[in-house]
Amino acid sequence: MIALAERQSPAGDGRETLQQLVPMVYEELRRLARRQRRRLAAGQTLDTTALVHEAYLKMTGHGDWQGESHVLAAAAIAMRQILVDYARQRSALKRGGGLSAVPLEEHSAAHDQARQVLALDLALRDLAAVEERLVRVVECRVFAGFSEQETARALSTSLRTVQRDWARARTWLQGAFGNGGLS
Amino acid sequence: MKGAEALDLDRLLASGGALRGPLGEAFLAELVEEKALREGDLVGRYRVLREIGRGGMSVVYLAERADDAFQQRVALKVLDRAPRDREARSRFEQERQILASLEHPNIARLLDGGVDGRGVPYIVMELVEGERIDQYCEQHRLSVDERLALFQVVAQAVAYAHRRLVVHRDLKPSNILVTAAGEVKLLDFGIAKLLDPEAAGVFAVPPTRTVLRVLTPEYAAPEQVRGEPVTTASDVYQLGLVLFELLTGRRAHDLGGDSLVELERVVCAGEPPRPSRSASSAALRRRLEGDLDSIVLTALRKEPDRRYPSPADLAADLERHLKGLPVTARPDALLYRAGKFVRRHRLALAAVVAVAVSLAGGFGAALWQARQARLEAKKATEVKDFLVQIFERADPFESGGRTVTARELLDHGVQRIARLEEEPEVQAELLAVAGSSYRGLGVYDSAQPLLERSLRLQRRLHGERSLGTADVQSSLALLAFKQGDTKRSEALLRAALSTYRTLLPADDVRVADALVGLAACLMDYDRDEESAVLLRQALAIRKKRSGPADPQVGLILNELGMLRHRARDLDAAERLYRESLAIQRRAYGPLHPEVAVPLHNLGALLKTRGRLTEAEAVFREVITLETKLYGGDYPGTADSWGYLGHVLRARDDFAGAEAAYRRSLAINRAKRAADHFATFGALHNLGKLLVQTGRAAEAEPLLREALAGRNKLWGPEYRKTKETAAALAECLAALGPARPQETVRPLH
């Protein structure tokens with residue numbers, strides 16, 4: 001992912017460019033997941049934590065979390081897109097439109113989370129109109145799974161700012177849901 | 001909505017973000033699943049017959065026209081991802097049409113393409129039946145001049161496409177085939193770009209900066225790695241890599257691991273490799289030094305504009321080189337060596353001599369004549385079985401250069417098979433014989449194309465569900481299993497088994513043997529219980545049809561023993577191994593490879609049980625046996641020495657253990673590839689032992705080498721890499737603080 005690190009100039013929003021990253025992140029995840037799968041015995045499940053961690057390391061091209069903060073921020077956005085796409089695809093399955101051979105059970109944890117992710121995505125689109133920065137924080141925390149410290153690093157901001165933004169985003173999101181505007 | 005539907009951010013965060021939660025798990029699990037098409041599936045106007053290849057972003061199937069009176073077979077390439085939007089789709093369409101306009105005898109034609117019902121794009125290409133150019137060169141033992149001539153054809157074809165403003169972008173040996181008629185065909189021209197919906201046009205100019213998407217890291221040009229524009233010069237670079245490989249038989253770049261950082265280091269910063277330095281012999285080195293070195297290095301320059309301006313210029317340079325050198329006639333050493341082989345074994349092995357003579361004199365002719373004389377099929381099968389046996393057991397007859405001789409006889413035979421085109425039945429059978437023989441010799445790369453060709457012929461002659469097809473499928477399955485491709489092995493065996501079950505009685509031995517193969521695949525997936533069921537079915541058939549003392553019964557008992565061994569049912573495992581051993585000894589005598597197999601397993605079992613004296617005796621017997629059979633430096637013997645070392649170390653016989661490990665290391669170094677995992681295992685074992693016995697200084701370089709090797713093979717996170725890192729840390733600690741501080745971490 002050298003090019004990924006190179007291409008992301010910190011200037012500007014860069015969302016257009018970021019869209020191009022989605023397939024790369026997707027491929028990287030697929031490659032790592034397949035590699036891990038090959039090393040596992042049958043019946044063992046993938047170690048998603050290790051896998052995702054490895055994916056971030058690959059993307060930054062470094063052995064640590066410090067470098068390439070903007071790459072991590074970009075990855076968070078890509079992860080949002082990937083998960084939302086997937087959640088959408090899974091919801092479509094329920095109506096029999098999908099291709100997958102493994103239908104999602106109505107009340108599985110993954111199913112619940114798919115609905116949550118779709119609801120969150122919708123809410124974030126509204127939130128973007130209010131304050132884009134909060135959206136970035138939510139993407140880092142929820143979709144990329146970064147800790148507060150990692151989020152601060154990814155967004156090149158202070159830990160306190162992240163904590164404050166996160167609290168504000170939560171309040172706003174809970175409000176949006178509480179009003180029954182989303183389902 | 002409220003209640004259960006309310007957004008619960010805390011729960012999303014609880015598992016460490018959505019990607020690590022249940023949704024992410026489901027997503028990643030689905031990512032690794034193969035979404036392959038099956039036989040009979042329709043894509044556009046084409047019906048899928050079977051998968052024939054798999055690339056980074058697409059799967060290739062053999063397919064045929066579903067709507068036509070005539071049966072046209074094609075290669076159907078299906079992208080594994082849908083284009084993102086309508087614009088990307090129309091670009092795909094547009095570029096496809098440009099590629100369809102390429103008409104050149106050495107470029108596989110793009111016939112059709114489109115988007116299937118699922119929105120997935122596909123392309124249909126001319127089906128090329130041939131071998132990879134590198135394998136073709138090896139197979140036919142082409143001289144340097146012949147290789148250069150073949151390569152010039154490739155370069156000219158690329159030059160033609162460049163004149164039509166199409167860049168290949170993914171030139172590599174597997175994309176360049178040579179047909180049985182010796183005709184070069186380039187595959188996948190411009191497909192890399194076509195399959196890349198994010199990228200702009202296929203034109204070389206104006207260049208667009210594209211997202212890095214190196215399809216084949218080993219063949220990436222520096223500008224591709226750096227994400228810079230890909231132009232005709234990138235093709236010239238890749239041609240340079242191909243030429244390097246054709247001349248030396250080796251890859252130009254030795255890429256460690258799969259890190260893209262490493263890729264950048266090697267491709268963009270490293271010195272371009274000099275072919276003559278990779279020459280496998282002094283003679284080849286002399287041939288490559290000078291002209292050919294500089295031609296390859298010019299093609300491989302880091303800066304695109306310092307390479308040959310076009311592939312045509314590269315070809316022209318090679319032409320000048322060829323004209324400037326006198327032809328060197330080489331005596332054909334084959335018949336001389338074959339004669340020697342025959343003489344050496346005249347008395348001892350008259351039957352082998354007879355076959356060897358028929359091989360040297362007319363590999364195909366013997367069988368062909370047998371057919372002509374209307375000998376019954378059984379007879380022909382016997383001859384074939386005999387031949388296969390000879391070569392499967394070729395190395396045990398004597399140590400040393402014997403393998404080479406057998407191989408040469410075989411290589412010679414293969415050339416004759418190619419000339420049997422008017423007799424496809426015989427050809428198909430002999431291809432399978434030769435393929436199985438190469439497999440027996442462990443020359444898997446040569447075995448594969450022959451068996452594949454045989455399979456194609458059998459299919460054409462007798463159809464998918466025929467015994468001929470099923471037999472070759474079984475043979476290919478064994479090869480795939482030996483190559484570690486369990487998945488393919490399983491698929492082939494299931495196909496063969498289904499045919500056998502339709503056409504043969506339920507208790508036919510071929511059914512049994514396919515079951516044994518399938519059981520081995522399942523064992524690979526840890527599906528031990530299913531595996532045991534199949535083995536017991538096979539055992540019942542074999543006992544009934546071949547008798548309880550048949551070697552195949554012994555083989556199955558050994559497999560069953562392995563299953564009990566894995567289940568820690570050590571009593572049952574020991575019983576099964578001993579039973580298997582007794583059968584094999586009775587069937588083959590004490591000195592046979594099949595005897596070594598259960599013996600080895602028994603040794604491992606005894607070590608597990610802590611019966612070290614017995615284990616030592618068994619491993620010593622295995623080593624004696626292998627040494628007598630294969631000579632002292634058979635790679636497998638290295639593993640046996642390693643086991644013996646473990647046993648001796650467990651017995652606190654450190655001197656004995658050290659000697660055994662050293663022996664193992666020496667054989668690995670002499671007989672296995674430099675980066676074979678067994679070599680690093682031997683280094684690790686020896687290093688650890690030396691640390692344990694207070695010789696840390698001696699151990700350090702060994703452990704360092706083992707760590708570097710394992711790191712390269714498996715990455716720093718793998719259990720074994722970590723074990724070596726720990727051993728090295730212990731070693732450095734033992735060396736004390738007199739040395740400069742350093743941390744031991746398996747870094748990329």
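Q: Which residue follows helix 24 of chain B, and what is the sign of its phi?
A: Gly589(B) follows helix 24 of chain B, and its phi is positive, near 85°. A helix here is a DSSP run of H or I with at least four residues, numbered from the N terminus. The model is predicted: local features need pLDDT of at least 70, side-chain atom pairs count only at pLDDT 80 or more, and totals for chains, interfaces and linings use all residues. Residues are numbered from 1 along each chain as its sequence is written, and chains are lettered from A and ligands numbered from 1 in the order in which they are written.

Q: How do you know that the span of helix 24 of chain B is close to the expected one?
A: The expected span is 1.5 Å times one less than the number of residues. Helix 24 of chain B has 19 residues, for which 27 Å is expected, and it reaches 26 Å from its first C-alpha to its last.

Q: Why is Thr151(A) called buried?
A: A residue is buried if 20 or more other C-beta atoms lie within 10 Å of its own, exposed if 12 or fewer, and partly exposed in between, with C-beta atoms placed from the backbone. Thr151(A) has 27 other C-beta atoms within 10 Å, so it is buried. Thr151(A) lies in helix 7 (residues 148-154) of chain A.

Q: Is Arg568(B) buried or exposed, and why?
A: Arg568(B) has 8 C-beta neighbours inside 10 Å and therefore counts as exposed. This residue is in the loop between helix 23 (551-566) and helix 24 (570-588) of chain B.

Q: Why does Arg169(B) count as buried?
A: Arg169(B) counts as buried because it has 28 C-beta neighbours inside 10 Å.

Q: What makes the phi of Arg169(B) worth a remark?
A: Most residues other than glycine have a negative phi. Arg169(B) is not a glycine, yet its phi is positive, about 80°.

Q: Which residues does Ile556(B) contact, leaving aside neighbours within four places in sequence?
A: Contact requires C-beta atoms, placed from the backbone, within 7 Å. Ile556(B) is in contact with Val516(B), Leu535(B), Ala538(B), Leu539(B) and Arg542(B).

Q: How many residues has the largest nonpolar core?
A: A nonpolar core is a set of buried Ala, Val, Leu, Ile, Met, Phe, Trp, Tyr and Cys residues joined through C-beta atoms within 7 Å. The largest has 96 residues, and Ile556(B) is one of those with the most contacts inside it. Helix 21 (residues 509-524) of chain B gives the largest share of this core, 11 residues.

How values were computed. Helix = DSSP H or I, 4+ residues; strand = E, 2+ residues; numbered from the N terminus. Contact = placed C-beta atoms within 7 Å.
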